[in-house]
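Subject: Structure for you to look at

Hello,

Here is the structure I said I would pass on. My notes on one of its sheets follow below.

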Amino acid sequence: MLTESTLKADVAISRTLIDAGDYFIGVVKAGQTLRILDLEGNQAADTLFYSATDTSERYSAMDTIREQGNVYLTTGSVLRSNENTPMLEIVADTCGRHDTLGGACATESNTVRYDLEKRCMHACRDSWMLAIAEHPEYGISKRDISHNINFFMNVPVTEAGGLTFEDGISAPGKYVELKALMDIVVLISNCPQLNNPCNGYNPTPVELLVWE
Ligand SMILES: [Zn+2]
């Protein structure tokens, strides 16, 4: 569902640019609002969420989908943990649909989906692994890297139940906004994928804004 935000960018407490192929890791406190802004359109922000007090509690696609009875994420979606606890709620969305089924790109999946020679290409899973290696203070290990959300990515389910990666439906300036319901570690890989129509074969920066 398309919903605009009333929050003004000039009163945000932080603004962070994530270049394509780069990562972000940081904490958003309970009650704060996080906006992910697709600056140039058709980008994919591959995102994981963890409880900041116990990172073994993390975002769960299964619990989220089951409880809301829908496979797409948009305004009103409550993102749940593997303990079925509400972690964040999508409170504004000008894109209208976000994927949590397609998974993140990895060098292994690049070889399966595209070509053996794509194995050496930079992938979201690499960015996550680099983030947790460079930031051991969050206590996130390889085993915690699990199913994720692809904000702005368009992976419609066909009538037969199939998944298809389609052209992005996002556009420059579209955003999704989430209110944190607990203290959250946010881990985002701004997707470097060059083989997939979801980001128009052209990875571009996204911006994160946080409000109290
Ligand atoms: Zn990716």
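Two strands count as paired if DSSP finds at least two bridges between them. The model is predicted, so please read what follows as computed from its atoms.

By that criterion, 4 strands make up an open sheet, in the order β2-β9-β4-β7, with antiparallel pairing. Its edge strands are β2 (23–28) and β7, each of which pairs on one side only. On average, neighbouring strands of the sheet are turned by 25° against each other, direction ignored.

Most of my notes concern β4, which covers residues 45–51. How many of its 7 residues are buried? The count is 6, so by the cut-off of 20 or more other C-beta atoms within 10 Å the strand is mostly covered.

On one side, β4 runs antiparallel to β9 (residues 184–190), and 7 bridges join the two. Two of the partners in β9 may help you find the register: Asn190 is the bridge partner of Ala45, and Val185 is that of Tyr50.

β4 also pairs with β7 (residues 149–151), again in the antiparallel sense, over 3 bridges. Here Asp46 stands opposite Asn150 of β7.

When you go through the side chains, keep in mind that in a regular strand they alternate between the two faces of the sheet.

Regards

Technical notes: Residues are numbered from 1 along each chain as its sequence is written. This is a predicted model: local features need pLDDT of at least 70, side-chain atom pairs count only at pLDDT 80 or more; totals for chains, interfaces and linings use all residues. A residue is buried if 20 or more other C-beta atoms lie within 10 Å of its own, exposed if 12 or fewer, and partly exposed in between; C-beta atoms are placed from the backbone. Axes are lines fitted to C-alpha atoms, for helices over the stretch in contact, and angles run from 0 to 180 degrees between N-to-C directions.
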